[in-house]
Amino acid sequence: MAVDRERVAVLVRELLTAIGEDPDRPGLRLTPGRVADAYAEFFSGIGVDAAAPLAHTISVARGPAPETLPSGAVMLRDISFRSVCEHHLLPFRGRAHIAYLPGEQVVGLGALPKVVEILASRPQVQERLGEQVADTIAASLDARGVLVVLDATHECVTMRGDRQPDASTVTIAARGELSEPAARAELIALLGPSRASGTARA
């Protein structure tokens, strides 16, 4: 369902009045429409099938070297994403790292950021976002295992409350063979300290 820009603009105007502002003053006159346009972008993933980018897979067995099937993981690091926390409607942003153990089918690497983008473009919490990305990949590919690591900074932490500007949140979601900590240890090591614990600030 597309964002109702007109309704959002009306509500933003009312919100400005509720906080004691004058929505008709020059600096705010265009704000309701701008916020409506921004929300249409932020929440463009609502109702969109996150598995659609994974519909086209590539058969390894029917490739130029059918006897050489993947034995290790495929990892795509440093996927930038942004989302909006559903608790305070404040942004959070960071990097996603995705790995999977392919079976006979692999997917074009450009499809993985699209999955993240669709699922992030909804009111979210980071913990659920990582789980949804992992579930979507596990359900769409014949993967033997899936690992999703998200590292993000949240404006509800950095800009309000105790205001911790250097704090970032790391979440891990795993499926299949990579559900075992020992099995995913090598992949976590490949992220390195700068990625596993500091990508959101990069």
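In the predicted model, the largest nonpolar core comprises 30 residues, and those with the most contacts inside it are Phe81, Ile98, Leu129, Val133, Ile137 and Val148. Two or more residues are given to this core by each of β2, β3, β4, α3, α4 and β6 (145-154). The greatest contribution comes from α3, which supplies seven residues. A second core, separate from the largest one, consists of eight residues, among them Leu101, Leu147, Ala174 and Leu187. In soluble globular proteins, nonpolar side chains tend to be buried together.

The surroundings of Val133 illustrate the packing within the largest core. When neighbours within four places in sequence are set aside, Val133 is in contact with Ile98, Val115, Val116, Leu119 and Val148. Of these partners, Val115, Val116 and Leu119 are buried residues of α3, while Ile98 and Val148 are, like Val133, listed among the residues with the most contacts inside the largest core.

Helix α3 (residues 111-120) is largely enclosed by the rest of the structure, because seven of its 10 residues are buried. The buried positions in α3 are Ala111, Leu112, Val115, Val116, Ile118, Leu119 and Ala120. Their cover is provided by both helices and strands, including α2 (31-42), β2, β3, β4 (105-107), β5 (123-124) and α4 (126-140).

Aromatic side chains form three pairs in the structure. The pair of Tyr39 and Phe43 is edge-to-face, since the ring centres lie 5.2 Å apart and the planes meet at 80°, where an angle over 60 degrees is required. The two partners differ in burial: Tyr39 counts as partly exposed because its relative accessibility is 26%, whereas Phe43, with a relative accessible area of 9%, falls under the 20% limit and is therefore buried. Ring pairs also join Phe42 to this group, so that Tyr39, Phe42 and Phe43 make up a cluster.

A further edge-to-face pair is formed by Phe81 and Phe92, with a centre-to-centre distance of 6.2 Å and an angle of 80° between the planes. This pair links distant parts of the chain, as Phe81 belongs to strand β2 (residues 74-85) and Phe92 to strand β3 (residues 91-101), 11 residues apart. Both rings belong to buried residues: the relative accessible area is 5% for Phe81 and 0% for Phe92. Phe81 is also one of the residues with the most contacts inside the largest nonpolar core, to which β2 and β3 each give two or more residues.

Methods: Residues are numbered from 1 along each chain as its sequence is written. This is a predicted model: local features need pLDDT of at least 70, side-chain atom pairs count only at pLDDT 80 or more; totals for chains, interfaces and linings use all residues. Side-chain values use heavy atoms; hydrogens and water are left out. Rings of Phe, Tyr and Trp (its six-membered ring) pair if their centres lie within 6.5 Å; planes under 30 degrees apart count as stacked, over 60 as edge-to-face and the rest as tilted. Buried means under 20% relative accessible area, exposed over 50%, partly exposed in between (1.4 Å probe, protein chains only). Helices (H or I, at least four residues) and strands (E, at least two) are DSSP runs, numbered from the N terminus. Contact means heavy atoms within 4.5 Å. A nonpolar core is a set of buried Ala, Val, Leu, Ile, Met, Phe, Trp, Tyr and Cys residues joined through side-chain atoms within 4.5 Å.
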